[in-house]
Amino acid sequence: MKQAVHTIEIQTRGKGLYEFTSRIDEWVQQQGMQAGLLTVFCRHTSASLLIQENADPTVQSDIRSYFDRIAPDDGPYVHNYEGPDDMPAHLKTALTQVQLSIPFVNGALTLGTWQGVYLFEHRLRPHRREIVLHLIGE
Amino acid sequence: MKQAVHTIEIQTRGKGLYEFTSRIDEWVQQQGMQAGLLTVFCRHTSASLLIQENADPTVQSDIRSYFDRIAPDDGPYVHNYEGPDDMPAHLKTALTQVQLSIPFVNGALTLGTWQGVYLFEHRLRPHRREIVLHLIGE
Amino acid sequence: MKQAVHTIEIQTRGKGLYEFTSRIDEWVQQQGMQAGLLTVFCRHTSASLLIQENADPTVQSDIRSYFDRIAPDDGPYVHNYEGPDDMPAHLKTALTQVQLSIPFVNGALTLGTWQGVYLFEHRLRPHRREIVLHLIGE
């Protein structure tokens, strides 16, 4: 049994979903393991992780619109000095997650056919987001 | 330290919560380990996982009703060609999770007394759902 | 590769976020590992876990207010014999999570600068909550 850790960066350009499945997959392949558990961890409180449908892009825009409706920028927030999109960003992060673990078998992640891994950016301005990848297996 | 991976299938019959704690527990017991970490992974984007109260069934029906209220079938979705229950299914999946990890000690999962593990089916029609179980420990 | 398991208790005093990052960190340090994966598991269905901003306390009060708005105590719930705050507590638990896994490297958790680990208590009365910590690494 062995483990590996790696940090990747994702440059965002405003609110939305940024798929990075292939970057995870590539790194996992490079570790040369056959089976194990991959953990993806987002080091932020205003961006989060989602596994979602990777086929029709309207799913992603509907997800973004939905979270803007349930946690709007003009909500009754006390915390507002970092901009109107900051507190909703924390709420959207709380409603989704900052960590995902995905088993892999026979050298491949066990993601379903339609599952892609996304960074969900909740801030309006561009950000450089850090994602930690941890792999344990053999 | 060793690991084991297994896929189970759950046949659903429309929206609702389907408990499968005993199936997980049975498989974990068969691996003959004493302590470790179990990861449960749902390979879908319109069904998800929940750990919830396993005592009073009204908790489960209230959960189902609640998610139907906050992500209704008649919402303003662009993505609708897979049926009115498809986009809400993606949203409910985003609001819950597709992965759970549960420590186990002394040969037993550390679930609390009232915690059951459920597949949360969000589609109206029956589906066969695949759940990957990954266990690492000794 | 080795593992360690430990249970900590958190005494709550009504609804709100209770940070326990330092307790996790202290325990991880005591295990003397250099790298691995920490899993935090909450053994309850009416309290949950969140990683959130640890700088401005108004973020935490806004989070609490927000969840009270989207899952109010006076909602149309069938399950109500455990008190008006019980069913909303289950819903808030479903909307957040009961498990978090955090990689650690060079003897330190890879939490971001602003990330704290919180128990999110959803019940009005004081409770003693059990959190299981599982660490695997070397």
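## Three-fold symmetry

Turning chain C by 120 degrees, with 0.0 Å of shift along the rotation axis, superposes it on chain A (RMSD 0.0 Å); the fit is by least squares on the C-alpha atoms of residues with pLDDT of at least 70 in both copies. The two copies are therefore related as by a three-fold rotation axis. In chain C, Leu95(C) has the C-alpha nearest that axis, 3.3 Å away.

This is a predicted model, where local features need pLDDT of at least 70, side-chain atom pairs count only at pLDDT 80 or more, and totals for chains, interfaces and linings use all residues. Residues are numbered from 1 along each chain as its sequence is written, while chains are lettered from A and ligands numbered from 1 in the order in which they are written.

## Where chain C meets chain A

Here 31 residues of chain C are in contact with 24 residues of chain A (contact: C-beta atoms, placed from the backbone, within 7 Å). Among the elements supplying at least two residues each to chain C's side are strand S3 (36-42) and helix H2 (57-70). H2(C) gives the most, with 7 residues. Helices (H or I, at least four residues) and strands (E, at least two) are DSSP runs, numbered from the N terminus.

The copies use different surfaces: 19% of the contact residues of chain C recur in chain A.

## A covered helix

How many residues of helix H3 (residues 86-95) of chain A are buried? The count is 10 of 10, where buried means 20 or more other C-beta atoms within 10 Å of the residue's own, all placed from the backbone. These buried residues pack against elements including helix H3 (86-95) of chain B and helix H3 (86-95) of chain C.

Notes:
Two residues are in contact if their C-beta atoms, placed from the backbone, lie within 7 Å. A residue is buried if 20 or more other C-beta atoms lie within 10 Å of its own, exposed if 12 or fewer, and partly exposed in between; C-beta atoms are placed from the backbone.
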